[in-house]
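Let's take a walk through this model together, stopping at a few places worth a closer look. Please have your viewer ready.

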Amino acid sequence: MRINEDRLKNHFEELSQIGKLGDTGVCRPTLSTVEKEAFELVFTWMEEAGMKCRIDHFGNLIGRKEGKDPNAPVLMVGSHLDSQPYGGRFDGVAGVLSGIEAVATLTENEFVPDRPIEVVSFCDEEGWRFGKGLFGSRGILGMLDEGELLNKDKDGVTREQALRHFGCDPDRSFESIYPHGSIHSFLELHIEQGPLLQEKNQPVGIVTGIAGPLWLTVKIKGYSGHAGTVPMTMRQDALVGASEIVALFHEIMKQDPQGSTVGTVGSLSVFPDSRNSIPEEVVFTIDLRDIDLERRNHYENQLRECVANVAEKHQLSYEILEDQNSEPSFCDEWIKDAIRKECQQAGLHAPEMMSGAFHDALIISNTCDYGMIFVRCKDGISHNPAEYASYEDLAIGADVLYGTVLKMMK
Ligand code: HGY
Ligand code: MN
Ligand code: MN
């Protein structure tokens, strides 16, 4: 073990107090005062590790360790510190803290890398606050959608307002863009958020690819009326329609139990939301993912057909908006090989696996080669305060990351 396990453990322990939720969870919304507090703490750890730090105009926290050639394309290691509203203390954090630990170990060993190394906590990886995720990683590659800074959260705050409140200046975001070719390669460590490593009794896995998420917003429109007087056969009840679609969508997604296609309705709102008025409008979200784009498109078409049929059946109108559409991507062989060699040298038999969760690596793969290291998490639980990874496994993962960075330097 080349990294400092105690320091890594202490960092997890201290950081999990910021935005603490119950005994083991966190709620650290993107661009919130809580995330800012986390950034300030992690900023000091990056400096102690020998990095110069900054928060860019997309709300990313970036630590940079100079290399022999300051103009060489950077080796980037990163993940995120924002969490789900009902989240765990390891999702994203594991990748940022292990990146810092790897650089701190390089610095202690007085190793000067050929190229600069950057450790990044990307802004708004999760995407639930403003309806679209992977914001900071899309930002640095110039991949933001027109007008998406005007997306509002549930309190009506726009992403632009939240960025300015965070201390960023969206008008200068062009200064934070990484031109194509300026990132040499990208490496991300993350908890698996699935059960495979526990099943295989292995602390570390090698990611082969990342499923692409399609995020839709479905609006179903009926007509409000008096709950006590409108006959059942004369209602245009948006909630009855939406509920039927949600149930049918679940059946569509269960068609191929062996497949890697998954679908979720995670958020739903009703208007006018009164127990004695017939619902006039229901808005709900669709999260549809697959490692195979063609198969994902096939399921998407079935969903769209289902919405149209149910709307017609209940004399409802509907609208389907596309919020996010990232294609699946596959990790690069030479980086998987570097991780494999590191695992073999550590006496590990690391399974190779696809990631159903998306990560900033999915975006960064648009500009450079990338790899991912998974760390076992208990029962595969994530996006839940019960999320748990052992410090022993996290240290093994961080040590593999450290050795992989050295190999990627060559
Ligand atoms: O939703 C995801 O896959 C990621 O955990 N944000
Ligand atoms: Mn994550
Ligand atoms: Mn997550």
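For the helix pairs below, each axis is a line fitted to C-alpha atoms over the stretch in contact, and the angle between two axes runs from 0 to 180 degrees between N-to-C directions. One thing to keep in mind throughout is that this is a predicted model.

With that in hand, start at helix α3 (residues 93–108), which packs against α11 at an angle of about 55 degrees, the two axes being 9 Å apart. Angles under 35 degrees count as roughly parallel and those from 65 to 115 as roughly perpendicular; α3 and α11 are therefore oblique to each other. Their crossing is right-handed. On the α3 side the contact is made by Ala-94, Ser-98, Gly-99, Ala-102, Thr-105 and Leu-106, and on the α11 side by Leu-394, Ala-398, Leu-401, Tyr-402, Val-405 and Leu-406. Sorted by class, these residues are 9 nonpolar and 3 polar, with no charged ones in the contact of α3 with α11.

Helix α11 (residues 391–409) also has a contact with helix α9 (residues 333–345). Here the packing angle is about 130 degrees, and the axes lie 9 Å apart. The pair α9 and α11 is therefore oblique as well, and α9 passes α11 in a right-handed crossing. Which residues meet in this contact? From α9 come Trp-334, Ile-335, Ala-338, Ile-339, Lys-341, Glu-342, Cys-343 and Gln-345, while α11 brings Asp-399, Val-400, Gly-403, Thr-404, Lys-407 and Met-408. The contact of α9 with α11 divides into 7 nonpolar, 3 polar and 4 charged residues.

Next, turn to two individual residues. Leu-303 sits in helix α8 (residues 293–313). Is Leu-303 buried or exposed? Its relative accessibility is 1%, so Leu-303 counts as buried. Leaving aside residues up to four places away in sequence, Leu-303 touches Leu-216, Ile-245, Phe-249, Ile-252 and Ile-286. For Ile-286, which is 17 residues from Leu-303 along the chain, the C-alpha separation is 9.7 Å.

The other residue is Asp-124, found in the loop between β7 (117–122) and α4 (135–140). Asp-124 has 1% relative accessibility and therefore counts as buried. The side chain of Asp-124 reaches the backbone nitrogen of Gly-127 at 2.9 Å. Beyond four places in sequence, Asp-124 touches Thr-30, Asp-82, Phe-130, Lys-132, Gly-133, Leu-134, Phe-135 and Arg-159.

Finally, have a look at some backbone geometry. Most residues other than glycine have a negative phi, and most peptide bonds are trans. Leu-31, in the loop between β2 (25–26) and α2 (33–48), has a phi near 60 degrees, a positive value in a residue other than glycine. Leu-31 counts as buried because its relative accessibility is 3%. Glu-110 also has a positive phi, of about 50 degrees, although it is not a glycine. Glu-110 lies in the loop between α3 and β7, and its relative accessibility of 71% means that Glu-110 counts as exposed. The last stop is the peptide bond from Phe-271 to Pro-272, which is cis, with omega near 5 degrees. You will find Pro-272 in the loop between β12 (268–271) and β13 (281–290).

Conventions
Residues are numbered from 1 along each chain as its sequence is written. Chains are lettered from A and ligands numbered from 1 in the order in which they are written. This is a predicted model: local features need pLDDT of at least 70, side-chain atom pairs count only at pLDDT 80 or more; totals for chains, interfaces and linings use all residues. Side-chain values use heavy atoms; hydrogens and water are left out. Helices (H or I, at least four residues) and strands (E, at least two) are DSSP runs, numbered from the N terminus. Angles under 35 degrees count as roughly parallel, over 145 as roughly antiparallel, 65 to 115 as roughly perpendicular and the rest as oblique. A crossing is left-handed if the near helix is turned anticlockwise from the far one by less than a right angle, and right-handed if clockwise. Contact means heavy atoms within 4.5 Å. Ala, Val, Leu, Ile, Met, Phe, Trp, Tyr, Cys and Pro count as nonpolar, Asp, Glu, Lys and Arg as charged, and the others, Gly among them, as polar. Buried means under 20% relative accessible area, exposed over 50%, partly exposed in between (1.4 Å probe, protein chains only). A polar contact is a pair of N or O atoms within 3.5 Å; within protein, one must be able to donate a hydrogen and the other to accept it, and residues adjacent in sequence count only if both atoms are side-chain atoms.
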